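User: Please go through this model with me. I want the reasoning behind the labels, with each value set against its cut-off.

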Amino acid sequence: MMKVLDHLEEWIITFLMGGATVIIFFAVVHRYFAGVSIPVVQDWLLGINMGWAQELCIIMFVWMAKFGAAYGVRTGIHVGVDVLINRMVDSTRAKFVVFGLLAGAVFTGIVGTLGARFVWENGMHYAVFNALGMDTGALPEGPTTPDLEWPTWIVYSAVPLGSYLMCFRFLQVAWRFVRTGELPHHDHAKVKGIDEGEQSPDVNWFALDNDLHPHDTKHHRIVELRDQDRPKNNDQEGKP
Amino acid sequence: MSTLIIFGLLIALMLTGMPISISLGLTVLTFLFTMTQVPLESVALKLFTGIEKFEIMAIPFFILAGNFLTHGGVARRMIAFATSMIGHWYGGLGLAGVLACALFAAVSGSSPATVVAIGSILMPAMVKAGFPKRFGAGVITTSGALGILIPPSIVMVMYAVATNASVGALFMAGVLPGIALASMLGMTTFYRAWKNNYPRQPKASWAQRIKAFRDSMWGLFLIVVVMGGIYSGMFTPTEAAAMSAVYAFIVAVFVYKDLTLAEVPRVLLASANMSAMLLYIITNAVLFSFLLTHENIPQEMAAWMLDKGLGVIGFLAMVNVLLLLAGNVMEPSSIVLIMAPILFPVAVKLGIDPIHFGIMIVVNMEVGMCHPPVGLNLYVSSGITKMGITELTIAVWPWLLTMLVFLVIVTYWPPLSLWLPRALGMIP
């Protein structure tokens, strides 16, 4: 069940990222080729209206941002100011870490609820009642987007959906931290085998073990490890 | 009073180590809920409409393009080209590293990406060629910072978002300072290499140079796509970003074939992850600046500072110190998004050009990326070289000092940033 949710989340944001890129690319290509006078082709191109591309791209990226932010909690990518708490002893830091994660859950929970109310009152209420064949009375049908003419409540439902998912992720990470003392970071795998070699181009510099993230209580800082392990006189400057 | 409460709350929340985006959002919610009558529903709407701007969408596109380029063998060919051109001078590979970083910066919008792309290939090569590890690490860590000064630049887009400045004009304004900083870093490299008599590469023949140029041409052409496209008005900056993402994908997968199609979803996911984090900070920063405007804080602060008789010179000095301090605890995007809306109105009142102000902030951010405790470039370099942060800090200081000197030049000599966009008629 959890795996399905994880994969769905990854799949959605991957698709939105790629999709938006392709759409803007074709909109631009279309704009230029419609200006070139090739018989038949030009008429055909002029017949296609790509005016909605920009709007769709924005919608896709907003959705990507909301779900990606939830995914980011799971990958530990959200940056913070952790200079202070990372210099505290483990037990004190652990309290701050839990506080931070719960604060995240509270904030996203509130925002999700506000968003859900907003979406409900701006068209979802009408749409649901209408679909169920109930009396919609004086309920507003809600506005639509300018180019695509989609109901805005569907578009805006990214806020409650994404925020609730993010809230869930914060709680999940907090629960795991309380139980195991681990926080999601990309770096930990490398703590074991510090061998010479290149950093993979996949490195996610916003998720490195620096002071933009709290250090967990299970692992030691990779940086300190290196400083201690290193012999003092290794490759001094001036002696090539 | 409300200024003190808002900033006190924000700083207190940030120091607990929670994500910056969350502390921004919680500050806004707490303040609105306890001190004002603003309906909280409008907050929910702002969360969606806050990033509903097409300019902002340049950020995910540039990140995607950058990630394709990092994987795509573009960096390796740029290094080969740079080495064939200037590798035979003192500092050989080091100088080539500065040039390669500058070239890669012209196709990528991020500093750590530049360090990864150039550093992971060049740093091991430099050690093999007989350079001390510290020298290579110092050169690449700092030259990689050019990534956000030489256009395209994600931090410039952030500044444009926060202040409504023109992205195109900012990009053009970054060109000359970028070249100037690259030259200064190159001179430092040259001087240190000459003093310590570091190895030089054999001089390449013109045939080799032309071959290296032709190999790297696909990557270099991206500079034309982005800068030429924006300047000629063919693309908006966001469209240029999308085009460069598609172009980088084609070059990486079909031309250089350094990336297989099966790896593409992973690159997309990684880019989406990074972009979403930045967009989430933007969303909450938009909320925060909505709160500031609502409470009239930027205007009050501007009036207060002008009241104190702060001149242009004093103000710019203060801004630099403030940003350098912030660079000790935050990464560039957050700093720009939080600080720019506050400092910008004062700058405008003092008659400082918004574009010049932006370039100065970007250079300032570059410095912050190269020193501990949070410098992103340092940590990326540390991953490549397996050097500790303390050792790296010592390694970068000659170049970091050069950057600080350059920061003073950029701050107090506006024509350096303003001449080109003015000559192109992009700003009055």
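**Values and cut-offs**

Analyst: A:Cys57 has a relative accessibility of 0%, so A:Cys57 counts as buried. The model is a predicted one.

User: What makes B:Cys101 a buried residue, and why is B:Cys101 not bonded to B:Cys370?

Analyst: B:Cys101 is at 0% relative accessibility, and buried means under 20%, so the label applies. The closest cysteine sulfur to that of B:Cys101 belongs to B:Cys370 and is 10 Å away. A disulfide requires the two sulfur atoms within 2.5 Å, so 10 Å is too far for a bond.

User: How many disulfides does a search of the whole structure find?

Analyst: The search finds 0 disulfides over all chains.

User: Why is the pair A:Arg93 and A:Asp90 called a salt bridge?

Analyst: The N to O separation of their side chains is 2.9 Å. The cut-off for a salt bridge is within 4 Å, so the pair qualifies. Both residues lie in helix 4 of chain A, 3 residues apart, about one turn of the helix.

User: How exposed are the two partners, A:Arg93 and A:Asp90?

Analyst: A:Arg93 has a relative accessible area of 5%, so A:Arg93 is buried. A:Asp90 is at 38%; partly exposed is the class between under 20% and over 50%, so A:Asp90 counts as partly exposed.

User: How do you know that B:Arg76 and B:Asp258 tie together parts that are apart in sequence?

Analyst: Their side chains meet in a salt bridge at 3.3 Å, N to O. B:Arg76 lies in helix 5 (residues 74-86) of chain B and B:Asp258 in the loop between helix 12 (237-255) and helix 13 (264-294), so the pair ties together parts that are 182 residues apart in sequence. B:Arg76 is at 39% relative accessibility and counts as partly exposed. B:Asp258, at 30%, is partly exposed.

User: What makes B:Arg134 and B:Glu391 a salt bridge, and where do they lie?

Analyst: The N to O value for B:Arg134 and B:Glu391 is 3.7 Å; the limit is within 4 Å, so the pair is included. This pair links distant parts of the chain, with B:Arg134 in helix 8 of chain B, B:Glu391 in helix 19 of chain B, and their positions 257 residues apart. B:Arg134 and B:Glu391 are both buried.

User: How many salt bridges are found over all chains, and which residues are linked in a network?

Analyst: The search of the whole structure gives 13 salt bridges over all chains. A:Asp6, A:Glu9, A:Glu10, A:Arg74 and A:Arg169 are linked in a network of salt bridges.

User: Which residues meet in a salt bridge between chain A and chain B?

Analyst: The rule finds 1 salt bridge across the interface of chain A and chain B. The side chains of A:Arg31 and B:Glu239 meet at 2.7 Å, N to O. The interface also has 5 residue pairs in polar contact. On the side of chain A that touches chain B, helix 1 (2-33), helix 3 (53-75), helix 4 (90-131), helix 5 (152-156), helix 6 (158-180) and helix 8 (222-229) each supply at least two residues. By class, that side has 46 nonpolar, 20 polar and 18 charged residues.

User: How much area do chain A and chain B bury between them?

Analyst: They bury about 7,800 Å², 72% of it on carbon and sulfur atoms. In contact there are 84 residues of chain A and 89 residues of chain B.

User: Why is B:Asn164 called exposed, and what is its phi?

Analyst: B:Asn164 is at 64% relative accessibility; exposed means over 50%, so B:Asn164 counts as exposed. Its phi is near 65 degrees, a positive value in a residue other than glycine. B:Asn164 is found in the loop between helix 9 and helix 10 (167-196) of chain B.

User: Is B:Lys386 buried or exposed?

Analyst: At 11% relative accessibility, B:Lys386 counts as buried. B:Lys386 has a positive phi of about 60 degrees although it is not a glycine, and lies in the loop between helix 18 and helix 19 (389-412) of chain B.

User: What makes B:Ser381 buried, and which residues does B:Ser381 touch?

Analyst: The relative accessible area of B:Ser381 is 0%, so B:Ser381 is buried. Leaving out residues up to four places away in sequence, B:Ser381 touches B:Val115, B:Met123, B:Thr141, B:Lys386 and B:Leu392. B:Ser381 is found in helix 18 of chain B.

Methods:
Residues are numbered from 1 along each chain as its sequence is written. Chains are lettered from A and ligands numbered from 1 in the order in which they are written. This is a predicted model: local features need pLDDT of at least 70, side-chain atom pairs count only at pLDDT 80 or more; totals for chains, interfaces and linings use all residues. Side-chain values use heavy atoms; hydrogens and water are left out. Contact means heavy atoms within 4.5 Å. Buried area is the accessible area (1.4 Å probe) that two parts lose on being put together, summed over both. A polar contact is a pair of N or O atoms within 3.5 Å; within protein, one must be able to donate a hydrogen and the other to accept it, and residues adjacent in sequence count only if both atoms are side-chain atoms. Helices (H or I, at least four residues) and strands (E, at least two) are DSSP runs, numbered from the N terminus. Ala, Val, Leu, Ile, Met, Phe, Trp, Tyr, Cys and Pro count as nonpolar, Asp, Glu, Lys and Arg as charged, and the others, Gly among them, as polar. Buried means under 20% relative accessible area, exposed over 50%, partly exposed in between (1.4 Å probe, protein chains only).
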